[in-house]
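I opened this notebook to keep track of what I looked up, entry by entry, in one structure. The sequence and the coordinates come first.

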Amino acid sequence: MKTISRHFYGDSEKTAFSISIVENMKEDYGLFVWPCSIVLAEYVWQHKLRFSGNNVVELGAGTCLPGLVAAKVGSNVTLTDDANRLEVLENMRGVCELNNLKCEVLGLTWGVWDASIFSLHPKIILGADVLYDARAFDDLFATVTFLLQSNPGSVFITTYHNRSGHHLIEFLMVKWGLKCVKLLDGFSLLPSDKAARLSGNIQLAEIILNHEQIEETSSSGAR
């Protein structure tokens with residue numbers, strides 16, 4: 001069953017806009033808007049000057065609300081999802097057309113080193129609710145780490161449900177030589193009307209390369 005949801009941003013006639021998302025509630029989990037996407041999209045809107053003019057890649061984009069908001073505020077956006085999820089990728093193209101936004105749509109499977117990943121040069125990497133399947137965490141962080149290493153000064157901004165504390169994400173960041181430079185309660189970002197429609201413990205984290213750890217590892221290896 002397909003529906004179209006509308007998501008509104010801005011509070012004046014000059015800046016206000018909406019994003020329309022095609023959802024299919026009975027199909028793949030990549031075909032409806034998760035709460036983490038709403039939080040991350042709001043963060044993009046609130047920091048629109050930071051995003052404007054920058055290259056942005058959304059990983060595991062699904063219905064791609066954060067990426068579309070980034071495109072709306074002036075980012076050069078590439079929307080990605082698993083290369084094998086053809087229905088999701090096609091839905092992403094349709095949503096771009098529906099909102100009259102020009103975004104590149106790319107099949108990108110985490111942990112797979114094909115031509116698609118080498119074509120990406122993001123300043124900002126987005127990921128909403130990409131930390132949901134522990135079996136995919138290493139592939140995800142391998143992909144994120146590669147993009148951060150290949151694009152100096154870039155950052156990974158992700159929202160996730162904090163179901164079991166921060167210990168797992170802390171372990172993964174240490175494992176992959178990353179560090180969190182900002183951690184926020186997702187609900188603190190939302191206007192009251194949007195927050196009232198969501199539930200759960202949603203966190204937003206900004207993650208960068210941990211250069212100190214990388215240098216220590218390099219020094220140890222050189223001895």
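The entries below take up conventions, then helices, single residues and a pocket.

**Entry 1, conventions.** I am working from a predicted model, in which local features need pLDDT of at least 70 and side-chain atom pairs count only at pLDDT 80 or more, while totals for chains, interfaces and linings use all residues. Residues are numbered from 1 along each chain as its sequence is written, and side-chain values use heavy atoms, with hydrogens and water left out. I take helices (H or I, at least four residues) and strands (E, at least two) as DSSP runs numbered from the N terminus. I call a residue buried under 20% relative accessible area, exposed over 50%, and partly exposed in between, using a 1.4 Å probe and protein chains only. I count a contact when heavy atoms lie within 4.5 Å.

**Entry 2, helix H4.** I checked the length of H4, residues 86-98, against the expected span, which is 1.5 Å times one less than the number of residues. For its 13 residues the expectation is 18 Å, and the end C-alpha atoms are 18 Å apart, which agrees. Which residues of H4 are buried? I listed Val88, Leu89, Asn91, Met92, Val95 and Cys96. Seen down the axis of H4, these buried residues fall within an arc of 160°, so they line one face of the helix; the arc is that of the directions from the helix axis to the C-beta atoms. Leu86 and Glu97, on the other side of H4, are exposed. The cover over the buried residues of H4 includes strand S2 (17-24), helix H3 (65-72), strand S4 (76-81) and strand S5 (104-107). Just after H4, I noted that Asn100 takes a positive phi of about 55°.

**Entry 3, Asn24 in S2.** Having met S2 as part of that cover, I looked up Asn24, which has its place in this strand. Asn24 has a relative accessible area of 8% and is therefore buried. Leaving out residues up to four places away in sequence, Asn24 touches Met1, Lys2, Leu31, Phe32 and Glu87.

**Entry 4, helix H6 and Thr143.** I repeated the span check on H6, residues 137-150, where 14 residues should span 20 Å at 1.5 Å a residue, and the end C-alpha atoms are indeed 20 Å apart. The buried residues of H6 are Phe137, Leu140, Phe141, Ala142, Thr143, Val144, Thr145, Leu147 and Leu148. I singled out Thr143, which counts as buried because its relative accessibility is 0%. Beyond residues up to four places away in sequence, Thr143 touches Leu108, Trp110, Gly111, Trp113 and Ile117.

**Entry 5, helix H7.** In H7, residues 167-175, I found Ile169, Leu172 and Met173 buried. They cover an arc of only 100° around the axis, which puts them on the same side of H7. On the other side of H7, His167, Phe171 and Val174 are exposed. Gly177, just after H7, takes a positive phi of about 70°.

**Entry 6, His161 and Asp129.** Is His161, in strand S7 (residues 155-161), buried or exposed? At 15% relative accessibility, His161 counts as buried. Its contacts, not counting residues up to four places away in sequence, are Pro35, Cys36, Asp129, Ser199, Gly200, Asn201 and Ile202. The C-alpha atoms of His161 and Leu131 are separated by 7.9 Å, although these residues are 30 apart along the chain. Asp129, one of the contacts of His161, sits in the loop between strand S6 (124-128) and H6. Asp129 is not a glycine, yet it has a positive phi of about 55°, and at a relative accessible area of 7% Asp129 is buried.

**Entry 7, Cys64.** I also looked up Cys64, in the loop between strand S3 (55-59) and H3, whose phi is near 60°, a positive value in a residue other than glycine. At 1% relative accessibility, Cys64 counts as buried.

**Entry 8, the second largest pocket.** By pocket I mean, on a 1 Å grid over the protein atoms alone, an open set of points where a 1.4 Å probe fits, with protein on both sides within 12 Å along at least five of seven lines; lining residues have an atom within 4 Å of a point. The second largest pocket is lined by 13 residues, and Arg6, His7, Ile38, Lys194 and Arg197 lie nearest its centre. Strand S1 (2-9) and helix H8 (192-195) are the elements that give two or more residues to this lining, and S1 gives the most, with five residues.
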